[in-house]
Amino acid sequence: MDKNYIDNMLAEMDKDLSSKGFSRRDAMKLAGISGASLMMGASEVSAATEETAPTSTSNAKGKILIVGGGLAGLSTAARLTLNLADPDITIIEPQPLSATYQPGQTLVGAGIWDESDVLYNRDDYVPDGVKLIEDKVIDFDPNGNKVTTAKGQVVTYDYLIMATGLQLDFERIKGLESAGRAYSAGDNSKLLKVLGDGGICSIYTHEGAAKTWEQMQKYIAQAKSGKKTKFLFTHPSTPIKCGGAPKKIMYLTNSRLKEAGARENAELIFYPNGGAMFGVPEYHDAILEQFKREDFKWHYRHNLIEIEPENKIAVFDSKWQEKGEWDPMMREFEVIAKHEKLRVPYDFIHITPPQIAPREVRESDLGSAGGWVPVNKETLQHVKFNNIFAIGDIAQVPMGKTGGSIRKQYKVLVNNLIAQMEGKPLTTKYAGYTVCPLITSIGTVMLAEFDWTVTPTPSFPLDPTVERWVHWLMKVYALKPMTMYGMLSGRA
Ligand SMILES: Cc1cc2nc3c(=O)[nH]c(=O)nc-3n(C[C@H](O)[C@H](O)[C@H](O)COP(=O)(O)OP(=O)(O)OC[C@H]3O[C@@H](n4cnc5c(N)ncnc54)[C@H](O)[C@@H]3O)c2cc1C
């Protein structure tokens with residue numbers, strides 16, 4: 001990125017801001033990020049933790065058990081230690097690298113960061129005084145207030161926080177069954193072996209993200225050599241974490257192809273299961289324009305169900321509707337749902353896997369029919385058990401599967417859990433905020449923020465559908481420190 005480009009972008013941003021009576025520093029503060037840190041360089045970004053630390057502590061007592069020590073579990077533990085005078089907290093987490101920074105996996109997948117830039121040790125983020133059990137819960141007994149771990153330990157609690165995240169269900173895709181189910185962190189060598197070296201990849205695990213960059217370079221080189229090369233990107237039929245990630249890796253592949261002078265030999269095609277680019281109409285419209293501008297192709301209502309690695313064929317369940325008979329009672333035509341298998345050749349395919357609640361949660365009395373832990377979406381308290389709360393990817397909360405949502409949820413959960421411990425009403429409410437920094441190229445991001453109103457809810461007084469370099473800076477330099485030093489210390 002040359003200096004002129006940066007100066008122009010800054011000038012454009014300052015013009016926009018000053019028309020609203022804001023300085024650049026004010027705008028960054030509004031977004032909860034230190035303006036100085038963002039504009040003065042990465043070394044100072046730890047100042048991003050300046051946001052509100054809790055001001056009062058409670059004397060409430062009780063044995064708190066957190067199952068899952070990823071972003072949600074560890075942040076919540078940290079905030080509880082700040083809010084309780086005498087905390088008694090235990091975390092159960094099997095993975096030593098559970099504090100890994102998943103949003104950075106997209107950047108690893110495109111060779112902008114290294115895998116080591118996202119790897120963090122869980123034990124460095126377990127707050128002082130919090131007990132850790134390195135194990136996995138295999139049985140939940142919410143009526144007896146206890147859980148059993150894989151090693152046979154029975155752990156009792158007064159209050160339980162479910163923060164198990166979700167599982168990546170590669171085994172649902174025919175041809176990849178032996179990959180099994182994976183977590184973003186941990187040993188995924190079995191999955192990588194099944195994906196192989198023939199252009200099948202996924203940024204949804206950190207090892208897979210590194211492998212994605214390897215594979216991407218191979219097929220960019222193929223396009224550069226003059227061979228027409230087909231790049232496919234999928235989005236499954238289940239809820240997923242970070243709804244923007246399937247598209248972000250496509251935009252970044254596009255940038256890398258352009259950089260290599262290989263774009264004209266490449267076809268980039270997006271196959272989402274749904275019928276729109278984004279749930280918020282304003283962002284959907286903006287993305288469609290970006291797709292047209294970049295000459296991407298897309299086919300709605302296609303769900304990846306099978307891969308034939310040896311033939312390099314992806315098989316999709318393709319769905320559409322047809323007009324049926326006239327119904328004289330309803331005074332309208334019937335709508336007939338149709339579907340068929342569609343076989344599509346690929347050179348490179350990025351798979352966003354189907355995502356589900358871990359089996360042991362789904363099969364327990366804690367999970368809903370769909371597997372996710374059913375909670376009051378505003379208070380995050382379990383709908384059946386008052387002493388149980390859920391947060392993050394496992395919680396059955398609409399549109400809540402992002403780190404950005406967790407940043408709002410963990411403060412709500414801590415306030416409400418303490419209220420419950422003190423016998424008071426639960427008054428703090430989550431409003432459904434989530435954020436998707438949609439990377440649209442190396443150097444630009446459209447910061448899609450929204451909540452349950454399904455309308456844009458920008459933190460900046462700027463048009464949120466415009467792709468901006470300043471949001472790229474925020475994504476690449478500020479969000480990781482805000483997460484790793486801010487959220488994981490319970491303060492941001
Ligand atoms: C490629 C990618 C890009 C993303 N991009 C963004 C982004 O740009 N912005 C954004 O805000 N978010 C993004 N996210 C989403 C964000 O990272 C996740 O929503 C967030 O990390 C979820 O946190 P969590 O604590 O709920 O789950 P996790 O961090 O996955 O942690 C869950 C933990 O629970 C443990 N666990 C599971 N089962 C059990 C059990 N039975 N017993 C004990 N422990 C258990 C697991 O080992 C795991 O460590 C992205 C995610 C990915 C994969």
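## Helix H8 and its surroundings

In this predicted model, the buried residues of helix H8 are Ala-245, Pro-246, Lys-247, Lys-248, Ile-249, Met-250, Tyr-251, Leu-252, Thr-253, Asn-254, Arg-256 and Leu-257. Because 12 of the 15 residues of H8 are buried, the helix is largely enclosed by the rest of the structure.

H8 itself runs over residues 245-259. From its first C-alpha to its last it reaches 21 Å, close to the 21 Å expected at 1.5 Å a residue. After the helix comes Gly-261, which has a positive phi, near 70 degrees.

What lies over those buried residues? The cover includes both helices and strands, listed here with their residue ranges:

| Element | Residues |
|---|---|
| Helix H5 | 105-109 |
| Helix H7 | 206-224 |
| Strand E10 | 229-235 |
| Strand E11 | 266-272 |
| Strand E16 | 348-350 |
| Strand E19 | 434-441 |

Let's take a look at H7 among these neighbors. Its axis and that of H8 come within 10 Å and cross at roughly 45 degrees. An angle between 35 and 65 degrees is neither roughly parallel nor roughly perpendicular, so H7 and H8 are oblique to each other. The crossing in which H7 passes H8 is right-handed.

Which residues meet where these two helices pass? From H7 there are Met-216, Ile-220 and Ala-223, and from H8 there are Thr-253, Arg-256 and Leu-257. Sorted by class, this contact has four nonpolar residues, one polar and one charged. The three H8 residues named here, Thr-253, Arg-256 and Leu-257, also appear among the buried ones.

Terms used: Residues numbered from 1 in each chain as written. Predicted model: local features only at pLDDT ≥ 70, side-chain atom pairs only at ≥ 80, totals over all residues. Helix = DSSP H or I, 4+ residues; strand = E, 2+ residues; numbered from the N terminus. Expected span 1.5 Å × (residues − 1). Buried ≥ 20, exposed ≤ 12 C-beta atoms within 10 Å, placed from the backbone. Contact = placed C-beta atoms within 7 Å. Axes fitted to C-alpha atoms, helices over the stretch in contact; angles between N-to-C directions. Parallel < 35°, antiparallel > 145°, perpendicular 65-115°, else oblique. Left-handed = near helix turned anticlockwise from the far one by under 90°. Nonpolar A, V, L, I, M, F, W, Y, C, P; charged D, E, K, R; others polar.
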